[in-house]
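This report goes through one protein model, beginning with the chain as a whole and then turning to selected helices and residues. Please keep the sequence and the structure in view while reading.

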Amino acid sequence: MSPIVKHIPNTITSMNLLCGVLGILCSFEGQFPLAFCFMLGASVCDFCDGLSARLLKAYSPIGKELDSLADLVSFGVLPALMMCLFIKTDIVADSLGWSSRIAVYAPLLIAVFSALRLAKFNVDDRQTDNFIGMATPTCAMLVGSMVCYASLYDASALWLRPSFVAVASPLISVVLSLLLVSEIPMFGMKIKKGARLFSGLQGRLRMIFLAVAVAIVLLVAILRLHFSAAFFFIFAFYVLLNLLALPWTRKL
């Protein structure tokens, strides 16, 4: 194998890390939609680095460690800071007392538990095709899309107000953190040679998920909502579907 070819997966992983760092910089500047776009870019890189490693058979111990470090920044630190900085606005500072302001920092739990999740994933040989617990990109997409959409619309909807996000942030952060390190089976969408993505219970769940995801995209387009709304509802449905299927997937 060419020396250049074997470094392609690690180069893509490094782009994942770069997107995460750029997203963090955008968050500190209050540019949350742009930060979410960098998060999406990191997700694409995260998908492509594993795919390229399998196609090129360019696996390496360094690549595995680099992937976890990049994911921690892009899907752990970035979404945590997005929510934290979004609710640290003037409107929140004026409307909340000192005790409630402490809760503003609750999203930082997501960064901590994302690190625990990634460490757990690296030593768990059960998670080859599917996941045990919520994957960090899923958590990041839920948080990032919510913050992105809420930052764009000064709407009357309660859940879009920074003050409401601030009050709800402890509950949101705790629930997502627990899901990250839980033992709940969640189906994956990895493309592997010879993989049977649509067979068995996991396959049926994938088909349901894809069908609903397409419907959500069409509905968001018809209603002319920002694309971040589609990501939020798609990943929220993904988590809900796995929770509803828990009585059956536990038996597998």
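The sections below describe a predicted model.

## Overall architecture

The secondary structure of the chain consists of 11 helices and two strands, and, read along the sequence, these elements follow the pattern α-α-α-α-α-α-β-α-α-β-α-α-α. Of the 252 residues in the chain, 44% count as buried. When contacts between residues at least 6 apart in sequence are considered, 80% of them join residues at least 24 apart.

The accessible surface of the chain comes to about 13000 Å², and carbon and sulfur atoms account for 72% of that area.

## Helix α2 and its surroundings

Helix α2, which covers residues 32-56, has 25 residues and reaches 36 Å from its first C-alpha to its last, a span close to the 36 Å expected at 1.5 Å a residue. Its buried residues include the aromatic positions Phe32 and Phe36, together with Met39, Leu40 and Cys45; Asp46, Asp49 and Ser52 are also among the buried residues of this helix. The partners against which the buried residues of α2 pack are α1 (8-28), α3 (61-87), α7 (136-152) and α10.

Just after α2, the backbone of Lys57 takes a positive phi of about 55°.

## Cysteines without disulfides

The structure holds zero disulfides. Cys19 is in no disulfide, and the cysteine sulfur nearest to it, that of Cys45, is 4.8 Å away; Cys48 is likewise in no disulfide, with the sulfur of Cys45 again the nearest cysteine sulfur, in this case at 6.7 Å. For a pair of cysteine sulfur atoms to count as a disulfide, the two atoms would have to lie within 2.5 Å.

As to exposure, Cys19 counts as buried because its relative accessibility is 12%, whereas Cys48, at 28% relative accessibility, counts as partly exposed.

## Helix α6 and its buried face

Helix α6 runs over residues 108-122, and its 15 residues should span 21 Å at 1.5 Å a residue; the C-alpha atoms at its ends are 22 Å apart, which agrees with that expectation. Where do the buried residues of α6 lie when the helix is seen down its axis? The residues concerned are Ile110, Ala111, Ser114, Arg117 and Leu118, and in that view they fall within an arc of 120°, so they line one face of the helix. In general, an α-helix has 3.6 residues a turn, so residues three or four places apart point the same way.

## Arg224 and the approach to α10

Arg224 has its place in the loop between α9 (200-222) and α10. Although Arg224 is not a glycine, this residue has a positive phi of about 60°, and with a relative accessible area of 75% it is exposed.

## Asn242 within α10

Helix α10 comprises residues 227-244, and Asn242 lies in this helix. Is Asn242 buried or exposed? At 1% relative accessibility, Asn242 counts as buried.

A polar atom of the Asn242 side chain lies 2.8 Å from the backbone oxygen of Tyr238. Beyond its neighbours within four places in sequence, Asn242 is in contact with Pro185, Met186 and Phe187, which places a short run of residues from elsewhere in the chain against this buried position.

Notes: Residues numbered from 1 in each chain as written. Predicted model: local features only at pLDDT ≥ 70, side-chain atom pairs only at ≥ 80, totals over all residues. Heavy atoms only, no water. Helix = DSSP H or I, 4+ residues; strand = E, 2+ residues; numbered from the N terminus. Buried < 20%, exposed > 50% of the residue type's maximum accessible area, 1.4 Å probe, protein only. Polar contact = N/O pair within 3.5 Å; in protein donor to acceptor, adjacent residues only side chain to side chain. Contact = heavy atoms within 4.5 Å. Expected span 1.5 Å × (residues − 1). Arc of directions from axis to C-beta. Areas by Shrake-Rupley, 256 points an atom, 1.4 Å probe, with all protein chains shown as cover.
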